[in-house]
Amino acid sequence: MSALLSDTALVFGRYARQTLRSRLQMLFGIVMPLLYLLFFGPLLTGLPLSPSGVHGSSWQVLVPGLLLQLSLFGAAFCGFGIIVEKQFGVVERMRVTPVSRSALLLGRVLRDAALFVFQAVLLVLAALVMGLRAPLGGILIGFGFVAVLTVALASLSYALALKVNAPQEFGPVINAVTLPSMLLSGLMLPMTLGPKWLDVVSHFMPFRYLVDAVRAAFTGAYASPAMLYGVLVALAFAALATAVGSRAFRRAAA
């Protein structure tokens with residue numbers, strides 16, 4: 001365990017230094033959620049959400065979805081980094097290092113989680129300026145969900161990237177997964193506002209439970225069923241995804 005922690009810290013430090021040297025990478029990922037916040041958020045002001053089973057202001061509905069959207073689209077494309085490393089022979093050199101194969105994944109995904117939580121903080125600060133009012137505890141819980149979802153999706157993204165040989169193969173797969181996930185999870189608007197059949201279908205999408213949990217946290221409903229389901233689904237999804245990612249790294253380094 002001590003070796004795993006040491007190796008993870010080593011890998012995390014390497015990729016964290018790379019990220020800190022690229023300010024564009026640190027800030028660019030927040031552009032799309034920020035545009036939604038600026039141009040889509042005001043359209044929801046005064047929208048009667050409560051009759052559809054959603055409580056809280058329009059900002060308490062939109063911002064949690066934007067936080068998870070930041071994680072969804074950002075973490076899903078993390079695998080592009082592995083494809084570049086494969087082209088430069090980094091993965092080949094990885095085969096002969098004594099570093100734990102699990103640490104090679106964990107160091108990367110923890111760096112990704114730190115990056116997207118930082119971007120989430122900037123997004124929430126902008127939302128507070130625009131009118132968001134939410135308890136501090138709820139906001140911190142939202143950051144926790146961003147971190148857990150990032151770890152899960154980045155793990156799967158790296159696992160997929162190890163299987164493909166070119167960005168042309170990787171990009172279409174990610175786009176085919178992320179867009180339906182966003183639409184069926186109710187990231188922009190609660191699924192309860194749509195037809196009944198669409199609401200039923202959305203319950204088969206794990207992200208639906210995460211965004212419902214963060215919205216509950218932003219209204220202070222920490223003991224609600226939505227919060228419980230969201231935590232359980234997030235932890236189970238992260239455990240499964242990291243197991244898949246670790247297996248992919250072990251096989252790639254064999």
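Are arginine 111 and aspartate 112 buried or exposed? Arginine 111 is buried, and aspartate 112 is buried as well. Here buried stands for under 20% relative accessible area, exposed for over 50%, and partly exposed for the range in between (1.4 Å probe, protein chains only).

## Basis of the model

The model is a predicted one, in which local features need pLDDT of at least 70 and side-chain atom pairs count only at pLDDT 80 or more, while totals for chains, interfaces and linings use all residues. Residues are numbered from 1 along each chain as its sequence is written, and side-chain values use heavy atoms, with hydrogens and water left out.

## Salt bridges

A search of the whole structure gives 3 salt bridges. A salt bridge is defined as a side-chain nitrogen of Lys or Arg within 4 Å of a carboxyl oxygen of Asp or Glu. Side chains of opposite charge can pair when their charged atoms come close. One of the salt bridges joins arginine 111 to aspartate 112, with the closest N and O atoms 2.8 Å apart.

Asp199, Arg208 and Asp212 form a network of salt bridges. Within this network, arginine 208 pairs with aspartate 199 at 2.8 Å between the closest N and O atoms, and both of these residues are buried. Arginine 208 also meets aspartate 212 in a salt bridge of 2.7 Å, N to O. Arginine 208 and aspartate 212 are separated by about one helical turn, because they are 4 residues apart in helix α11 (residues 206-218). Arginine 208 counts as buried because its relative accessible area is 6%, whereas aspartate 212, with 24%, is partly exposed.

## Helices α1, α7 and α12

Helices (H or I, at least four residues) are DSSP runs, numbered from the N terminus. The expected span of a helix is 1.5 Å times one less than its number of residues. Helix α1 has 19 residues and reaches 26 Å from its first C-alpha to its last, close to the expected 27 Å. For helix α7 (residues 101-130), with 30 residues, the reach is 44 Å, close to the expected 44 Å. Helix α12, with 28 residues, reaches 40 Å, close to the expected 40 Å. After α7 comes glycine 131, whose phi is positive, near 130°.

In α1, the buried residues include Asp7, Val11, Tyr15 and Thr19. The buried residues of α12 include Met227, Phe237, Thr242, Ser246 and Phe249.

## Contacts between distant parts of the sequence

Alanine 3 lies in helix α1 and is partly exposed, with a relative accessible area of 47%. Its C-alpha atom is separated by 7.7 Å from that of serine 100, although the two residues are 97 residues apart along the chain.

Valine 124 belongs to helix α7 and counts as buried because its relative accessibility is 3%. The C-alpha atoms of valine 124 and valine 63 are separated by 7.4 Å, with their positions 61 residues apart along the chain. Alanine 239, in helix α12 (residues 225-252), is partly exposed at 46% relative accessibility. Alanine 239 and alanine 152 are 87 residues apart in sequence and 7.5 Å apart in space, C-alpha to C-alpha.

## Surface patches

Patches are made of residues with over 30% relative accessible area and no salt bridge, joining like charges within 9 Å and nonpolar side chains (Val, Leu, Ile, Met, Phe, Trp, Tyr) within 5 Å. Accessible areas come from the Shrake-Rupley method with a 1.4 Å probe. A nonpolar surface patch of about 640 Å² is made by Leu24, Phe28, Val31, Leu35, Leu38 and Phe39. Both α2 and α3 (31-40) supply at least two residues each, and α3 gives the most, with 4 residues. Leucine 24 lies in helix α2 and is exposed, because its relative accessible area is 65%.

Arg14, Arg17, Arg21 and Arg93 gather in a surface patch of positive charge. Lys and Arg count as positive, and His and the chain ends are not counted; the place of an Arg charge is taken as CZ. Arginine 21 is found in the loop between α1 (2-20) and α2 (23-28), and with 63% relative accessibility arginine 21 counts as exposed.
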